[in-house]
Structures are given as structure tokens and as C-alpha cells.
Amino acid sequence: PGVPQGSAPVTSLLSLAVTSEQIEHLHRRFKQLSQDQLTIRKENFDSIPDLEFNPIRGKIVHAFFDKRNLRQESDGLAEEINFEDFLTIMSYFRPIEMNMDEEQLDRFRKEKLKFLFHMYDSDHDGKITLQEYRNVVEELLSGNPHLEKESARSIADGAMMEAASICVGQMGPDQVYEGITFEDFLKMWQGIDIETKMHVRFLNVDTIAHCY
Amino acid sequence: IPSVSSIVPESCLLIVVGLLVGGLIKGVGEKPPILKSDIFFLFLLPPIILDAGYFLPLRPFTENLGTILIFAVVGTLWNAFFLGGLMYAVCQLGGPGLNHIGLLANLLFGSIISAVDPVAVLAVFEEIHINELLHILVFGESLLNDAVTVVLYHLFEEFASFEQVTILDIILGFLSFFVVSLGGVLVGVIYGVIAAFTSRFTSHIRVIEPLFVFLYSYMAYLSAELFHLSGIMALIAAGVVMRPYVEANISHKSHTTIKYFLKMWSSVSETLIFIFLGVSTVAGHHYWNWTFVISTLFFCLIARVLGVLVLTWFINKFRIVKLTPKDQFIIAYGGLRGAIAFSLGYLLDYKHFGMRDMFLTAIITVIFFTVFVQGMTIRPLVDLLAVKKKQETKRSINEEIHTQFLDHLLTGIEDICGHYGHHHWKDKLNRFNKKYVKKCLIAGERSKEPQLIAFYHKMEMKQAIELVESGGIGKIPSAVSTVSIQNINPQTLPLERVLPALSKDKEEEIRKILRTNLQKTRQRLRSYNRHTLVADPYEEAWNQMLLRRQKARQLEQKMNNYLTVPAHKVDSPTMSRARIGSDPLAYEPKEDSENLPIITIDPASPQSPESVDLMSEEPKGCSGLPPSPEEDEEGLVMRVKEPSSPGTDDVFTPGTSDSPSNQRMLRCLSDPGPRPEPEEGEPFIPKGQ
């Protein structure tokens, strides 16, 4: 079965690193998930057994339907996504290439960080507020049921204060740090080279996990 | 004028010292001692390897494991055979002096000289502070090539006594490589698990905890060596396996003890090894053959360069972060030979290898060349080529959160696209670890503690200890911020007393540390941390303090709070205000709270400096305080921090200090220990006082 219609914009978008072999593989996977439909809904993700153990499962699934990630001009959540959208999301995880110049690298890095930023910023207002950050930490610790909420909260608070001090520096007592904007987010990630870390290898096209 | 130590690496100086000592002994007429192989392998080498294995940075190591293994195994094999083969050719052409050296002898020689030496690499790379990737590549290679060296050495040594070498022998030799390496790792893992399990039950006899770590590791080494398995790999595996569990179980002091003893022993061993190398050079019987030695040196270098080039070309096909030519140069240049090669050569017996002396001479020459020439020039070359240096990043809670988030995200994506990759298996391993292994090997409630919480506690503990050890405001981390909880969450009512985030016994531990360390200056440092604020019964003027503090609410918001963890601003004075509290009666709240300098009123000393630099504080400031009569004099005393000097044993130097002495100690500064046990002996200050 060939790649569905609308593949021309797909290949131009992903012509950098995703080969046709990988597109084939992803297409197979898409069909598995969607049960041979043309689109996927949120419920389809429940059929992946390993995803259940993931503490941030909700955010990951949400990210697939986030219109900001799908490069659409509008905001909010999509109801369902087709294969092209699926590939768009996957393209955020393509590995770095040797022949990229400085500007491309910078854009590459920013794209990935933007994806992450959207995951943290759940209310789509362009900054990560304290509550959202607390929510992130709570989710990360959600695998441990006996933990008190206080611990998650204080970790998030501490992290937020650290972020504020990195991004803004000295603050008077009356200034309020609204939240982490994207620029601040970039600053925080300076030490970590995301270009090399945030990738998934599609090299091995034979391993296809089973769904229910 | 650059000092000697910035040009010449320590290893070179030590060899020179050895040469001098050897020369001296010989000059007196005595016979200088030679580095005997069993002393080397049994006593001098294990501490260094254990130190390396126990503090191995696991994340970069596992990320680059494939690359490291290829360099270690294939690279060493290539070196050995290439060198052996070429030397055989040289010997055949070399005239009567060399003709009799057979192929096997040359191959054996090649296998001895081809292994990159971990001791030499450590000694040189420690000082140049190269970026983590290169460091772990060269260092990991030097550790893992031991298996190859052991196999090749024993193989060729045995074959040399055979009449005929059949294909079967070669195949068996090939298989024995797997047995040696995997067997060594297995032995190490077994002993590591036993050690971790033992440490689970040591909560009542804390003093012998370090002993178990050393004992089990050494036993792993000896057991492996006994069966001709790779002792080095066993040692590394034992250290790596036992570390997370042991650290979760043992007390804070035991952790410090282990760290210090390992560093001490490994430093002593390293020094002795290099000195003995020098002495042995003077003492040994040498047989200098120009052709042999020079061609050995020459082919060694060529083999290394060629090997690295070819292997990197191959490896780069599979790597995400490709190795640039600069990286390749450093990897090739960092292939230093050292004492292991010498000891292996020394082990050869005269019966089978009459040319042993010549071999030893050649080995020593290569060692000298690599250590002196390459060791000395690598530092300017690194600067010249602008190779990326090690980044002094302080692990922050943000980074930890992000890293974990990213890990889970990538695992999730891998699951979604159905690809069982790197992250998937790592996640599975982590889950297995959490579910079964941790429950067995970690005592008490710590077995259920998630990593993020553990990290957070570690950071808090570290900061508390930093505060204590610096005695005050002296060493504020560079990211001093005035950011407080008000800045990020304005809805928090000022009077709201948020419950402490830590559990009761964690608080108690932190409080205990603070308590035991603040004996003499207890009166000055009432508390600087919200942890000590929950109803301290033995602070008699405490309530007075609280009242005063409530008056000075304004002050608090402006003070530096350099604990980045959220401050419950209600009762969290900083060091400065704690000093105010040293004499509660003298304290007067300042009304103009525009820009408050750090107030330090030290009643002991006549002048009250506005800004405190504890470095310059006189010790008499401490002793000037009247010791409170109830205080016990036993136990830890608060010492004024002396200016850092080389060799200062500052375990918890804040990460920002960058002086050479601290960098030197960088090897010693792994992450801080875990929290101490709640019931650690008697409290130093009796309760109720």
C-alpha cells in the first residue's frame, strides 16, 4: 500500500532526513494504530500496551493533537489527525545531520524546544506558569502513589525560582515572575544539547510492536 | 612564567623522581628494587581501577558504550596484530641480532604494548579537563581493553610453548575472549549485588560500612584473576553495580569515608607506580637495539593513528554525534601506554623468551615517549585546536526535571512508533530495577523513593552542608538571587506557614547536621533554614527571636535567600539575620528597607563589617563567643573555612569555584553523599537545652 494522498507536501517537509523506507514503516504503524482508518483519535493511543507505564502519557498523546505542533495557524486541539499530521509530529524527533549549517542547526534546535514548550504549556498561553510546572512535576512523580503532593509542589516551586533567577536575575520583592516564556525556556536548556538528545531512531524497520 | 606543574604532567615528574631515586640507590651501590608484577597487579592496580569504576559517570559511559567497545576490542586487536606482524618483518630483516625472534614472540610483544593504559590516561587526562565525551571514550577504552590484553597475552604465551598451533587453538582462543570478558563482568556483578545486599543490614554498625565496599570489590578482583578472567572488568562491574544501592543505604559519613579512602589509595598507587617505573628503568637489565626500539615506537604510533581513523569512519555511520577529526586526533593522541605494559613484559620468563630484556627496553621506551612527549604536549595541543573543555555545570533541579521529562517523552514516542529502541529498554530496566531490585537491596523506605525526590533531597542536603561549612555568607553560589516565593506565587499569604516539604526524619537529619556543625557558633547562627524552625525546643531565646522577626517582615523579603528551594518566607532568615540573632538584645530592626545590605553584627569582634567575607574573618571571632555551659565539647566543631589551598579537603566545594586547586580536587568531587541516618549516635547537644 502506497503512501496516501497529500504525500507531496509531506515529502517536502521531511525530505531532510526521513527516508521513504521510514515513511513506509511509520505508515504501517499508523494503520495499525488507526485500525485501518484514515485518521487517529485519542482513544487509539490506548491500544499501545507499553504506553500505560509512562507517567506523562497524557501529555504525549495531547501533543499529537495540539494544533500548534501540527503547524496549523489555529490554536487548540484537533479531534483527529491523519497520516500527514502523524508524520509532522514524528519529524520533530529526527536526528541531526552532519551537513547542517549554523542557522539550520539553530532552527532545528528551536523547533524541538518549541515542541517541548508546548508540552509544558498546557493552556496555550505562551508561558509556563507555576501551576503548569507543578502539574508537570506531579505527573513525573505520578508513578509513586504514596508520595505526598507537598513534595511535588515544593520541587516545582524550587525549580521555578531557579528558573526565575536564571532568566531574570535579581528580582525585587514586588516583581512577579509571570511564567517561563519561550525565550526563558531556551535559556534554561542552554546547557543541554537537545539536538543530539531528542531523537528517535527509525533505523530498525523490522521491529514493530504489537497493539491489542 | 608558567610553573612547572602547568607544563609537565604529574606522571612525568614522578617518573623523573623515580629515575633520580633509582640512580641514587645505584650510585650508593645497592640494587634498586624493580616493580614486581605481582605487587603491581595485586596491590597497586586495584585501588585505581576501583576508584575509576565506583565513580564512573554512568550516563555518558552507557551512551557511548558501542563506540568504546569497538575501540577497546577491535582497536586493540588491530594494534596487536599490526604491530606484531610488522615487528616480525623487521626482525626478519633486522640482521643476526633479531632473526631468531619468532612470529609468536612478536605477536606477544605486540599484544603487550598495544593496550592503552588506564593509569597513564587518567593521570594525564585529569589535568587537561577535556570534554566529557572524549574523556569517557579514551578512558573507557583503556578500561575495557583489559579483557583483550589478558586473552591475547595468555594465548600467545601458551602458544609459544606449543609446537604446532592448530585452527582449533585459534578458535578456542577466540571463544576464550568472550569467557574472559563476560566472566569477569559476571563475577563483578555477583559481588556487587552481594555488597549491596550486605549494606542493607548495616544500619546498626555504620563504622564498618566502607569496609564492605572495599572488601567485596577486592574479592571480585581476586576471584576474577584467580580464574584468569579479566580482573579489571570485574572490578568495574562490581563498582558500578553496587554503587546506587550502597549509596542509598549507607550513612553520610560512610560515604565520605569511602570517597576519601578510594581517592587516597588511588593517588598513592598512582604515585608509587610512576616512581617505580622510573626506578625500574634504572635498575633493569637493558638491551638496547636501535632497530627494534625505534621501529616499535614508530609502528606503535602509526598503528594507533590508522586504527582510530578507520574505526571512527566505521563508527560514525552509526553515531548520532559524529566524531570530528579533532576528536579523532585527541583519541589517537591520548593512547598512552603505561605500567601495565611494563608489568606484563616483566612477567615473561627467560626460558621461553630470551629476548625479554630487549622487549622490556622497547616497552619502557614507548612508555616514556607516550607519557613524556604525548603527555606534555597534549595540553597545548588541546588549547591550540580549541577542543571543547569540560563544562562546569551545576546540576540543577530544572535540568533534572527536564532530563527525566525528555526520557519519558522519548520512551513514549518509541512506543508509539513501535520501535523498541534504546529508550524503551532503558525504561524497562528502570522499571524492573524499581520493582524488584531496589526492594531487595535498599533498606527501609528509601527503596520506594523516586529519583527526582532523591535528587531534590541531595541538593538540599548539599546546600545545607555548603552553608554550614562555609560558616556563613562567605561562599554564596554565583546564582545568588533575590527571587523568593513571593516573586513567583504572589498569592501566597505572607503569614501562611506552609508545611515543610520534607518528611519528619529528613528534616531531623538536616537539622542534626546543622546542629552538630554549629556548636560553637550556635548562638550566632540561630537558624538559616526553615527546617530548623519547627519548634526547636532547645533554643531558649527562640521565641523572642520569632517575635522580633515578625516585626521585620519587610527585611526578609529583601534578604538573599540562596537556598534555591522555596523559602517559607515566614520564618526563613538568612545567615545575616541569623547573625543578628547572635545577640538578640542588640538587634534593632532597620526601618528603611529600601536596599538592605547584608547586616552582620558580630558582637565578638569590634568591627562589624557590612559585607561579610568569611574568608577573611579571624578565628578569634569564633572563640570570642562565650561557649554556652550546656554544650558538650565533644564532636564536630565549627571551623572557619580557610582559604582554599591545594590539597584542601573540601568535600563540598560549591561548584562555582574554579581555582586550580579545586579543579585538581575535581576528581574527588563526585556528587555529595546521601542524607545521614536519623539515628546516628547521640545528639551532640542534649535535648532540652
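A residue counts as buried when its relative accessible area is under 20%. By that cut-off, 57% of the 689 residues of chain B are buried, and buried residues make up 49% of the 212 residues in chain A. The model described here is predicted. Chain B holds 26 helices and 0 strands, while chain A has 9 helices and 2 strands.

**Chain A: overall build**

- Read from the N terminus, the elements of chain A follow the order α-α-β-α-β-α-α-α-α-α-α.
- About 9,900 Å² of chain A is accessible surface, and carbon and sulfur atoms account for 49% of that area.
- Of the contacts in chain A between residues at least 6 apart in sequence, 58% join residues at least 24 apart.
- An unreviewed UniProt entry gives the annotation "domain: EF-hand" to residues 108-143 of chain A.
- That stretch, residues 108-143 of chain A, is 67% helix and 0% strand, and its end C-alpha atoms are 32 Å apart.

**Chain A: helix α7**

- Helix α7 of chain A covers residues 149-167, which makes 19 residues.
- From its first C-alpha to its last, helix α7 of chain A reaches 27 Å, close to the 27 Å expected at 1.5 Å a residue.
- Helix α7 of chain A is mostly covered, with 15 of its 19 residues buried.

**Chain B: overall build**

- Chain B exposes about 29,700 Å², and 66% of this area is supplied by carbon and sulfur atoms.
- Among contacts in chain B with a separation of 6 or more, 80% are between residues 24 or more positions apart.
- For residues 8-382 of chain B, UniProt lists "domain: Cation/H+ exchanger transmembrane", again from an unreviewed entry.
- The span of residues 8-382 in chain B is 79% helix and 0% strand.
- The two end C-alpha atoms of residues 8-382 of chain B lie 14 Å apart.

**Chain B: the loop at B:L385**

- B:L385 sits in the loop between α16 (356-384) and α17 (397-416) of chain B.
- With 29% relative accessibility, B:L385 counts as partly exposed, because values between under 20% (buried) and over 50% (exposed) fall in that class.
- Leaving aside residues up to four places away in sequence, B:L385 touches B:K326 and B:F329.
- B:L385 and B:C440 are 55 residues apart along the chain, and their C-alpha atoms are separated by 50 Å.

**Salt bridges**

- Side chains of opposite charge can pair when their charged atoms come close.
- Over all chains, the structure holds 12 salt bridges.
- In chain A, one of them joins A:K31 and A:D36, whose closest N and O atoms are 3.8 Å apart.
- A:K31 is partly exposed at 29% relative accessibility, whereas A:D36 is exposed at 60%.
- In chain B, the side chains of B:R59 and B:E63 meet in a salt bridge with an N to O distance of 3.5 Å.
- B:R59 and B:E63 are separated by about one helical turn, because they are 4 residues apart in helix α4 (residues 58-63) of chain B.
- B:R59 is partly exposed, at a relative accessible area of 35%, and B:E63 is partly exposed too, at 42% relative accessibility.
- A network of salt bridges links B:R59, B:E63 and B:D407.
- B:E209 and B:R206 form another salt bridge, in which the closest N and O atoms are 2.6 Å apart.
- Both partners of that bridge, B:E209 and B:R206, are buried.

**Aromatic rings**

- A pair of aromatic rings is described by the distance of the centres and the angle of the planes.
- Aromatic pairs number 29 over all chains.
- One of these aromatic pairs is formed by A:Y120 and A:F185, with 5.5 Å from centre to centre and 65° between the planes, an edge-to-face arrangement.
- This pair links distant parts of the chain: A:Y120 belongs to helix α5 (residues 102-120) of chain A and A:F185 to helix α8 (residues 182-188) of chain A, 65 residues apart.
- A:Y120 and A:F185 are both buried.
- Ring pairs also connect A:F117, A:Y120, A:Y133, A:F182, A:F185 and B:F405 into a cluster.

Terms used:
Residues numbered from 1 in each chain as written. Chains lettered and ligands numbered in written order. Predicted model: local features only at pLDDT ≥ 70, side-chain atom pairs only at ≥ 80, totals over all residues. Heavy atoms only, no water. UniProt positions renumbered as here; feature names shortened; annotations may be inferred. Expected span 1.5 Å × (residues − 1). Buried < 20%, exposed > 50% of the residue type's maximum accessible area, 1.4 Å probe, protein only. Salt bridge = Lys/Arg side-chain N within 4 Å of Asp/Glu carboxyl O. Contact = heavy atoms within 4.5 Å. Areas by Shrake-Rupley, 256 points an atom, 1.4 Å probe, with all protein chains shown as cover. Phe/Tyr/Trp six-rings, centres within 6.5 Å; stacked < 30°, edge-to-face > 60°.
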